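Welcome! Let's take a friendly look at how some helices pack together and what surrounds a bound ligand.

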Amino acid sequence: MRILVVDDEKFNLVIARDIIEANIANSKLILCNSPEAVMDLLAQNDIDIVLLDIIMPGIDGVEVLKRIRSNNEYKDIQVIMFTGVTDKESFKLCFENGANDYISKPIDITEFIARMQAAANTRKNTLMLKEMFNKMADQYNELQEVTQKLKNTQFYLIQKEKLASLGEIAAGVAHEINNPIGFVRSNLETLEAYLSRIKISFSAYRNFIELVADQNIVQDLSHEKLQLEETEKQQKIDIVLEDLEPIIKETQDGVDRVAKIVRSLRNFARTGTDDEMVMNDLNQIVEEALLITRNEVKYIANIAKKLGEIPTVICDKGQIGQVLINVVINASQAIKAQNREGLGNIIVETYQDNDYVVCKISDDGPGIKAEYLGRIFDPFFTTKEVGSGTGLGLSIAYGILKDHGGELLVESESGKGTSFIIKLRHILVSEERLEVIR
Ligand SMILES: Nc1ncnc2c1ncn2[C@@H]1O[C@H](COP(=O)(O)OP(=O)(O)OP(=O)(O)O)[C@@H](O)[C@H]1O
Ligand SMILES: [Mg+2]
C-alpha cells in the first residue's frame with residue numbers, strides 16, 4: 001500500500017510515519033511537506049492513499065484535493081484529510097470535493113490506525129473490483145467476438161442451406177425436364193424420318209398425276225397403280241400416317257409438361273403480379289375446377305358437392321382454381337393407385353369459418369403415411385413413379401395460398417383417407433370499396 005502523507009509540519013509527518021509503519025501492513029510511505037509537489041508525486045508513484053493536511057502555506061489541502069479529483073485517473077485514490085480544524089463547514093467542503101475520510105489532530109492513535117486501516121481496505125477492495133471489472137470487460141469483448149463469429153457462421157450456414165436447396169431444386173428441375181425433352185427430341189427425329197418417307201410417296205403421286213395429265217387417252221394404269229402401292233408399302237405410309245397423331249400428341253404433352261414445370265417454378269419464385277386479385281365466388285371456382293377435372297375423375301371416384309353459403313373473397317381465380325385442380329387430381333390419383341373394385345369417394349365442401357372461407361376436399365383413398373406428412377408440401381416430393389408426378393403440385397398450391405394470406409392444411413390417416421383444407425381470408429368490405437374492386 002503506497003501512502004503519501006502531506007503536511008507542512010515535519011513533526012506531524014514523523015508521527016504519522018511511525019504509526020503507519022508500525023501498524024499498517026505492507027505500507028510504503030512517501031512524506032511530503034510541500035503541497036505544490038503533490039501532483040508530481042502522484043504522477044511518479046502509484047499512490048493508494050493520500051493523508052492530506054488542510055491548512056498549509058501556499059496551496060491549502062482543499063485546493064490540493066480539488067486538483068487530485070480533477071484528474072480522472074486519481075478518482076479511486078483514498079484521500080483522508082488530516083486536520084486540526086473542527087468546524088463542520090470545513091468538513092462539508094472537504095467531503096463535497098471528494099475526500100473519503102478525515103483524521104483529527106492532535107492524533108489519537110487508535111482512531112488514526114482504525115481510519116488508515118479502513119482506507120487501506122477500501123482501496124484494496126476498489127482495486128479488486130477494478131480488476132474484476134477489467135476481467136469482465138475482457139470477457140465481454142471476447143463474448144462479443146464469439147457472438148460475431150457465431151453470427152457469421154450462422155449466416156454462412158443459412159447461405160449454404162439456401163444454396164443447397166437451390167441446388168436440389170435445380171437438380172430436380174433438370175431431372176424432370178430431361179425426360180419430356182428426351183422423348184420430344186426422339187419424336188422429332190421420328191417425324192423427320194417420317195417426313196422423308198411421305199415426301200418420297202408424295203413425289204410418286206405427283207409423277208403419276210403428270211403422267212395422267214400428259215396422256216389424254218385412257219389407258220390401262222394398273223401398272224402405275226401397282227407401282228404407287230409398292231412405294232407406299234416401301235415407305236410404310238400406313239404406319240406413318242397412323243403414328244403421326246399420337247406422336248404429335250405425345251410431343252405436345254411433353255412440351256406441356258416442360259411448360260408446367262417452368263410455370264410452376266415461376267410460381268415458386270413468386271414473381272406473380274397482383275393484377276388478378278379481385279372479388280370472386282369460391283363456389284364458382286370450385287364448380288369450374290370440378291368441370292375441368294371431371295373427365296379425369298369420373299371413372300375413378302364419385303364427387304359429392306356440399307357447397308355452402310359463403311361470402312365472396314378477394315383472390316386470383318386462376319391460381320385458386322389451380323390449387324383445387326391439383327388437390328382433386330391428387331385425390332383421384334391416390335384412389336386410382338388402390339386398384340379397388342368400385343369407385344372411390346371425393347367430397348368437396350365449402351363453408352365459412354370465422355374470418356375464413358374454407359374449401360375442404362376429402363377422399364377415402366389410401367391416406368398419407370405419417371412419415372410423409374411433413375414432406376408433401378416440399379417441392380419435388382412425390383411418391384408417384386418417375387415421369388408421372390413432378391411433386392410440384394402441393395408445393396405450388398401451398399405457395400399460392402401463402403401469397404393470398406390463406407392456408408393449406410392437411411389431415412390424413414393412413415388407410416382411411418385424406419382431407420385438404422384450403423382457407424382464404426374473407427375480408428369484410430364496405431359497399432364503397434366493393435364498387436372500387438368491381
Ligand atoms: N389425396 C392424397 N392421398 C394420398 N396421398 C396424397 C394425396 N395428395 C397428395 N398426396 C401425396 O403427396 C405427394 C405430393 O403431391 P404433389 O401434388 O405435390 O405431387 P404429385 O402429385 O406427386 O406430382 P404433380 O402434382 O406434380 O403431378 C404425392 O406424390 C402423394 O404421395
Ligand atoms: Mg399432384
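**Ligand 1 and its neighbours**

In this predicted model, a side-chain N or O atom of Lys-384 lies 2.5 Å from an oxygen atom of ligand 1. Start from that pair, then follow the points below to the rest of the ligand's surroundings and on to three helices.

Around the ligand:
- Ligand 1 is surrounded by 21 residues, and the closest are Asn-330, Thr-382, Thr-383, Lys-384 and Thr-390.
- Asn-330 places a polar side-chain atom 2.8 Å from an oxygen atom of ligand 1.
- For Asp-363, an N or O atom of the side chain is 2.9 Å from a nitrogen atom of the ligand.

Where H9 meets H11:
- Asn-330 turns up again here, as one of the H9 residues that meet H11; its companions in H9 include Gln-319, Val-323 and Val-327.
- On the H11 side, the residues in this contact include Leu-394, Ala-397 and Ile-400.
- This contact divides into eight nonpolar, five polar and no charged residues.
- The axes of H9 and H11 (residues 393-403) come within 9 Å and cross at roughly 145 degrees, in a left-handed crossing.

Where H8 meets H9:
- The axes of H8 (residues 282-297) and H9 (residues 317-336) come within 9 Å, crossing at roughly 40 degrees.
- That angle makes H8 oblique to H9, and the crossing is right-handed.
- Among the H8 residues in this contact are Ile-285, Ala-289 and Ile-292, while those from H9 include Leu-324, Val-328 and Ser-332.
- By class, the contact of H8 with H9 holds twelve nonpolar, four polar and three charged residues.

Terms used. Residues numbered from 1 in each chain as written. Chains lettered and ligands numbered in written order. Predicted model: local features only at pLDDT ≥ 70, side-chain atom pairs only at ≥ 80, totals over all residues. Heavy atoms only, no water. Axes fitted to C-alpha atoms, helices over the stretch in contact; angles between N-to-C directions. Helix = DSSP H or I, 4+ residues; strand = E, 2+ residues; numbered from the N terminus. Parallel < 35°, antiparallel > 145°, perpendicular 65-115°, else oblique. Left-handed = near helix turned anticlockwise from the far one by under 90°. Contact = heavy atoms within 4.5 Å. Nonpolar A, V, L, I, M, F, W, Y, C, P; charged D, E, K, R; others polar. Near = heavy atom within 4 Å. Polar contact = N/O pair within 3.5 Å; in protein donor to acceptor, adjacent residues only side chain to side chain.
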